[in-house]
Structures are given as structure tokens and as C-alpha cells.
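This report considers how charged and nonpolar side chains are arranged in one protein model. Please keep the sequence and the structure in view while reading.

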Amino acid sequence: MPHTSSRRVPGVKLFFVLLIGSTVFSGVNGQTTPTAVAPRITSTWDSVIQLNYGDSLPPLDCRAEGTPKPAISWRREGTSQVLDNPISFPYTTYTQEGTYTCVATSPDFPPATKNVTIDVTGPPDISGPEVVTKSAYKDRQVQMECRARGDPPVTRFDWFVGHGRAQPVQIEGNPDYSLVEDLTGSSPTSTLTIVSLKDTLADEYACWAMNAEGQKDMKRFNVELASGPEPLVSTKDAAIAGGVVGALVFMTIVAVIVFFLWKRKQPRN
């Protein structure tokens with residue numbers, strides 16, 4: 001059996017620091033005490049929490065031990081969002097879906113982490129306000145976009161026109177309308193375009209988003225024909241023209257100043 005011996009020198013103190021596993025020890029003359037302990041998350045929860053749309057998420061408290069006491073925060077995967085501990089949602093929608101990571105940090109140690117995924121199930125939910133007003137001048141194009149999330153996912157969009165007794169929008173073979181849809185990904189979209197606005201097309205439109213279980217959500221668009229004379233130059237074009245004119249004026253001023261300075265340096269006859 002190995003044996004070691006040491007000889008103490010009276011009046012001399014030996015200070016030392018040891019790192020064993022995740023604990024830092026310090027001591028004097030062979031007497032050791034832990035001075036720092038790596039953070040360790042002690043809270044437990046399911047790796048995936050299933051919630052119905054509109055449910056509340058009770059406070060999810062992340063606790064950790066270590067020396068010194070670890071600082072705790074939450075981070076949302078795929079974003080730079082940092083949340084305080086505990087996290088909770090009084091009304092859960094699809095915007096809260098995702099993976100959240102509890103992070104416990106202490107100086108001189110790597111952080112301890114623990115994940116939880118929030119999964120929301122429910123009917124389709126079309127993003128944005130329920131009613132949108134679109135105003136355009138005659139013969140101008142008008143676009144109406146429906147973007148919806150759902151679990152089960154959205155599989156179909158239907159468009160209707162008319163206030164009160166609405167009728168399906170006749171798109172196929174109709175030069176007044178065009179429709180572009182993308183039913184892939186987490187947020188399927190349907191965009192109905194009025195190719196050239198006129199009196200008979202200015203009306204109330206409704207977009208319905210549906211999933212395979214027949215659950216629905218609706219969004220309305222009030223399309224209005226703008227009154228008064230149409231500006232000869234759009235706001236965007238006016239801004240661009242203003243910028244170009246401003247740049248030309250600035251360059252002219254600079255050229256005049258350079259010419260004036262050059263003229264002053266020329267020898268007089």
C-alpha cells in the first residue's frame with residue numbers, strides 16, 4: 001500500500017487549491033474545504049409539454065445548486081430572446097411554440113442547461129388583425145394575404161366575396177383574379193390578388209383557413225376604391241427622386257468649393 005509522509009516546518013503555512021471533478025477545494029496545511037461547486041440543475045419536468053391553444057402554462061421554475069449560487073435564465077432556441085425565471089404563458093398560442101433552455105451559470109465553470117419543448121395543438125389561427133382595409137385607385141393591383149398556423153396543420157384555404165350573402169370567388173378562368181398558395185411549412189399562405197381594381201370588384205372578401213379535422217378560422221378584407229385624383233408620382237418614387245436631387249445638389253456644392261480653393265492657389269499675373 002503506498003505511503004507518503006510529509007514534514008511540517010514550524011511557522012510556515014502551506015496554501016493550496018485543488019480541482020476534483022466539478023468542485024474546487026482550497027486548504028491550509030492539509031485541511032481542505034470546498035470553495036466552489038459547478039452549477040447543477042435540480043428541477044425536473046417533461047421534455048415535451050403539450051398544451052391546447054388558449055391554455056395557460058403554469059410557472060416553470062428552474063432551480064439549480066452550486067457554489068457560488070448560480071444565476072438562472074431562459075433562452076429560446078433559434079432566437080436571441082432571454083427570459084426571466086420562471087417562465088409562464090397566461091394564454092398560449094402558436095407563437096409560443098418552440099424549445100426553451102434553462103441556463104445556470106457560475107464563474108469559472110461551464111453553464112448547466114436543461115431543455116423543454118412547448119407543443120401547442122388546436123384550430124387554425126390566421127395571423128394579423130381579423131379585419132383589414134385595403135384602399136387602391138382604379139386599375140391598380142390589390143393583394144390580400146392569409147397566413148395561418150395550426151396543429152393539425154392547415155390544408156386548405158377558401159375565398160369568398162360579398163357582404164352578407166358571400167359567394168365563392170371565381171378564380172379559375174377569371175382574368176380579374178390570381179391566386180398563389182403555399183401549403184408547406186409551419187405557416188401555409190394563400191394570396192388572392194385583384195389584378196385591376198374597378199367598381200364591381202371593390203367589396204368585402206373573406207379568407208377561410210381549414211385543417212383536416214374541419215376546424216376553421218376567418219379573416220376579412222374590405223377593399224375600397226380610393227377617391228380623388230391619383231398622385232402622378234407615388235410616395236416611394238417621390239422619395240427616390242428627392243434623394244437623387246439632394247445628392248446632385250451636394251455634389252454641386254462640393255465641386256464649387258473645390259474649384260474655389262483651387263482658384264485661390266493659382267499664381268496671380
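Seven salt bridges are found in a search of the whole structure, a salt bridge being a side-chain nitrogen of Lys or Arg within 4 Å of a carboxyl oxygen of Asp or Glu. This is a predicted model, in which local features need pLDDT of at least 70 and side-chain atom pairs pLDDT 80 or more, while totals for chains, interfaces and linings use all residues. Residues are numbered from 1 along each chain as its sequence is written, and side-chain values use heavy atoms, without hydrogens and water.

The table lists three of the salt bridges.

| Basic residue | Acidic residue | N to O distance |
|---|---|---|
| Arginine 63 | Aspartate 61 | 3.0 Å |
| Arginine 149 | Glutamate 97 | 3.1 Å |
| Arginine 156 | Aspartate 158 | 3.0 Å |

Arginine 149 lies in strand β13 and glutamate 97 in the loop between β9 and β10, so this pair ties together parts 52 residues apart in sequence; strands are DSSP runs (E, at least two residues), numbered from the N terminus. Glutamate 97 is buried, at 19% relative accessible area, whereas arginine 149 is partly exposed, at 26%. Buried means under 20%, exposed over 50% and partly exposed in between, with a 1.4 Å probe and protein chains only. Arginine 63, at 54%, counts as exposed.

The largest nonpolar core has 22 residues, and Trp159 is among those with the most contacts inside it. Such a core is a set of buried Ala, Val, Leu, Ile, Met, Phe, Trp, Tyr and Cys residues joined through side-chain atoms within 4.5 Å. Apart from it lies another core, of 20 residues, including Trp45 and Ile118.

Definitions and conventions. Helix = DSSP H or I, 4+ residues; strand = E, 2+ residues; numbered from the N terminus.
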